[in-house]
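Please open the model in your viewer and keep the sequence panel beside it, since this tour moves from the whole chain to single residues. Each stop says what to select and then what is there.

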Amino acid sequence: MAMGGGSHLQGHRAPRLFGRERPVHAALGGREAADIILWRRPKVSASILGAATAAWGLFEVAEYHFLTLACYAAMITMLTFFIWTNASAFLNLPVPRIPETILSERTAKQVILALHRRLTWFVHRLYAIACGEDIKKFIMTVVSLYIASVVATCFSSLTLLYLVVFFTMTVPALYERYEHEVEHLVATGARDVRTHLAKVDSGVLRKIPRGKGATTAAHGTTANNVHGWHRSHVN
């Protein structure tokens with residue numbers, strides 16, 4: 001009985017957003033990036049969000065300049081290494097070393113190739129849409145780019161970039177956690193919108209005066225119905 005009730009609820013569950021059939025993790029690629037976005041690796045996700053928040057606070061709120069902050073960071077780092085190196089002989093501390101991953105040629109190539117793949121995919125996608133293979137998708141892309149340009153005028157580039165990072169690191173994780181509740185609310189809202197549009201169509205749009213041809217056709221239909229009713233009662 002419990003299994004039957006579960007299947008009944010599953011058969012009537014709200015449709016997933018955007019017609020999605022796969023889980024959120026698989027829809028995001030199912031790789032390391034999806035793990036970070038969905039907080040499967042909480043330390044890395046928290047570090048990215050914290051670093052983005054700190055950078056936005058320093059450059060946008062405190063209004064530090066990038067070159068000034070970079071110089072301060074370099075001076076503090078050099079001073080720390082200087083004190084540490086000279087004190088290591090007296091305090092029996094190991095000499096600080098630069099991590100190999102920072103200067104690794106392999107890591108640099110992986111980062112550059114990943115950025116190149118993303119950029120190439122984006123350019124080819126825009127080219128395919130611009131060629132007009134799907135006119136609906138072309139119109140939606142142009143409208144989306146226009147809306148993005150309007151939104152960009154309301155924020156600075158750094159604030160806009162921070163908002164993208166913030167929503168990327170929060171919205172998918174919250175949606176995955178409250179997926180059923182969100183889909184139920186969206187389905188309810190879509191049903192209410194369709195009901196409201198049906199009421200507008202029946203109460204307003206159908207009362208709009210029609211053209212002469214439509215009016216004549218309507219009168220002709222009404223007259224035929226009246227004559228038919230009269231003949232049936234006479235007979």
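Begin with the whole chain: of the 235 residues of the protein, 11% count as buried. What you have on screen is a predicted model, and its accessible surface comes to about 19,500 Å², of which 68% belongs to carbon and sulfur atoms.

Now switch to a cartoon view and follow the chain from the N terminus, where you will pass eleven helices and zero strands. If contacts between residues at least 6 apart in sequence are considered, 50% of them join residues at least 24 apart.

**Helices 7 and 8**

Next, select residues 105-130, which form helix 7, together with residues 135-152, which form helix 8; their axes come within 9 Å and cross at roughly 120°. That crossing makes helix 7 oblique to helix 8.

Which residues meet here? Show the side chains of R125, L126, I129 and A130 on helix 7, and you will find them meeting K137, F138 and T141 of helix 8. Sorted by class, this contact of helix 7 with helix 8 has four nonpolar, one polar and two charged residues.

Stay for a moment with T141, a residue of helix 8. Is T141 buried or exposed? T141 counts as buried because its relative accessibility is 19%, which is under the 20% cut-off. Apart from its neighbours within four places in sequence, T141 is in contact with L126 and I129.

**Two loops with positive phi**

Move back along the chain to the loop between helix 3 (32-37) and helix 4 (42-61), and select W39 there. The phi of W39 is near 60°, a positive value in a residue other than glycine. Most residues other than glycine have a negative phi. W39 counts as partly exposed, at 30% relative accessibility.

A second stop of this kind is E63, placed in the loop between helix 4 and helix 5 (66-91). E63 likewise is not a glycine and has a positive phi of about 60°, and with a relative accessible area of 60% this residue is exposed.

**Cysteines**

Finally, select C71 and then C154. C71 is partly exposed, with a relative accessible area of 39%, while C154 counts as exposed at 58% relative accessibility. How many disulfides does a search of the whole structure find? The search finds zero. A disulfide is a covalent bond between the sulfur atoms of two cysteines.

Note on methods
Residues numbered from 1 in each chain as written. Predicted model: local features only at pLDDT ≥ 70, side-chain atom pairs only at ≥ 80, totals over all residues. Heavy atoms only, no water. Axes fitted to C-alpha atoms, helices over the stretch in contact; angles between N-to-C directions. Helix = DSSP H or I, 4+ residues; strand = E, 2+ residues; numbered from the N terminus. Parallel < 35°, antiparallel > 145°, perpendicular 65-115°, else oblique. Contact = heavy atoms within 4.5 Å. Nonpolar A, V, L, I, M, F, W, Y, C, P; charged D, E, K, R; others polar. Buried < 20%, exposed > 50% of the residue type's maximum accessible area, 1.4 Å probe, protein only. Areas by Shrake-Rupley, 256 points an atom, 1.4 Å probe, with all protein chains shown as cover. Disulfide = S-S within 2.5 Å.
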